[in-house]
Amino acid sequence: VPGHAFSSDSHWQEEFEGAFPYELTADQKTAVADIKRDLESTTPMDRLLCGDVGYGKTEVSMRAAFKVVMDSKQVAFLAPTTVLAFQHEKTLRERFAGFPVKIGMVSRFRTKAEQKETLDELAAGKVDIIVGTHRLLSKDVQFRDLGLLVVDEEQRFGVGHKEKIKHMRKKVDVLTMSATPIPRT
């Protein structure tokens, strides 16, 4: 199935990447280059990013998310636990602070009214990046134009959730992150 070919890096992409306070490792640089090549291709990406906890998978995924948002597409960060979703939201807000990117979250840390407001804004295209637990796979979650799905620790989701994720893979670019060795993923 043909997918969306994202634009080459913009000046803002370079600025966003330059704001990272650490030097990327050789493996991170390779992963970023491979992911960007996949995103710029017309074939939807289905990539596994595997690395130990604390080795910078989130930074790599945020660079991909930035590229997608710069092409006016939406990004979904799917996490298996509320705590991990909260951590992703916090990291994303800190990293994207200097850029006009709206980030939302749906989880049990949010009231029903807050979730409804966030989901309404998501459907209207006012939320660029949405973070959440399996709640993002619910029927009432509608995207205006989803471009990238980032799945953290997919092996921790149940069979039903994995089926919904598999269905989404056909249409959008997917980046799966895992600290678990490849055979389990």
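A residue counts as buried when its relative accessible area is under 20%, and in this predicted model glutamate 59 meets that criterion because its relative accessibility is 4%. Glutamate 59 belongs to helix H3, which spans residues 57–70, and its side chain is joined to the side chain of arginine 63 by a polar contact of 2.7 Å. When residues up to four places away in sequence are set aside, glutamate 59 touches Phe20, Leu24 and Arg95.

From this residue the view can be widened to the helix that carries it. Two packed helices are described by the angle between their axes and the distance between the axes, and helix H3 can be followed in these terms through its packing with H1, H2 and H4.

Helix H4, residues 82–95, has an axis that comes within 11 Å of the axis of H3, and the two cross at roughly 60°, which means that H3 is oblique to H4. The crossing of H3 past H4 is right-handed. On the H3 side this contact is made by Thr58, Glu59, Met62 and Arg63, and on the H4 side by His88, Thr91, Leu92 and Arg95, so that Glu59 and Arg63, the pair joined by the polar contact, are both among the contributing residues. By class, the contact of H3 with H4 comprises 2 nonpolar, 3 polar and 3 charged residues.

Helix H2, residues 26–40, packs with H3 at an angle of about 25°, the axes lying 10 Å apart, and the two helices are therefore roughly parallel to each other. Their crossing is right-handed. From H2, the residues Gln28, Ala31, Val32, Ile35, Lys36, Leu39 and Glu40 meet Val60, Arg63, Ala64, Lys67 and Val68 of H3, and the residues of this contact divide into 7 nonpolar, 1 polar and 4 charged.

Helix H1, residues 11–18, packs with H3 at an angle of about 155°, with the axes 10 Å apart; because angles over 145 degrees count as roughly antiparallel, H1 is described as roughly antiparallel to H3. H1 passes H3 in a right-handed crossing. Here Trp12, Gln13, Phe16 and Glu17 of H1 meet Met62, Arg63, Phe66, Lys67 and Met70 of H3, a set of residues that divides into 5 nonpolar, 1 polar and 3 charged.

Arginine 63 links these descriptions: besides its polar contact with glutamate 59, Arg63 appears in the contact of H3 with H4, in that with H2 and in that with H1.

How values were computed: Residues numbered from 1 in each chain as written. Predicted model: local features only at pLDDT ≥ 70, side-chain atom pairs only at ≥ 80, totals over all residues. Heavy atoms only, no water. Helix = DSSP H or I, 4+ residues; strand = E, 2+ residues; numbered from the N terminus. Buried < 20%, exposed > 50% of the residue type's maximum accessible area, 1.4 Å probe, protein only. Polar contact = N/O pair within 3.5 Å; in protein donor to acceptor, adjacent residues only side chain to side chain. Contact = heavy atoms within 4.5 Å. Axes fitted to C-alpha atoms, helices over the stretch in contact; angles between N-to-C directions. Parallel < 35°, antiparallel > 145°, perpendicular 65-115°, else oblique. Left-handed = near helix turned anticlockwise from the far one by under 90°. Nonpolar A, V, L, I, M, F, W, Y, C, P; charged D, E, K, R; others polar.
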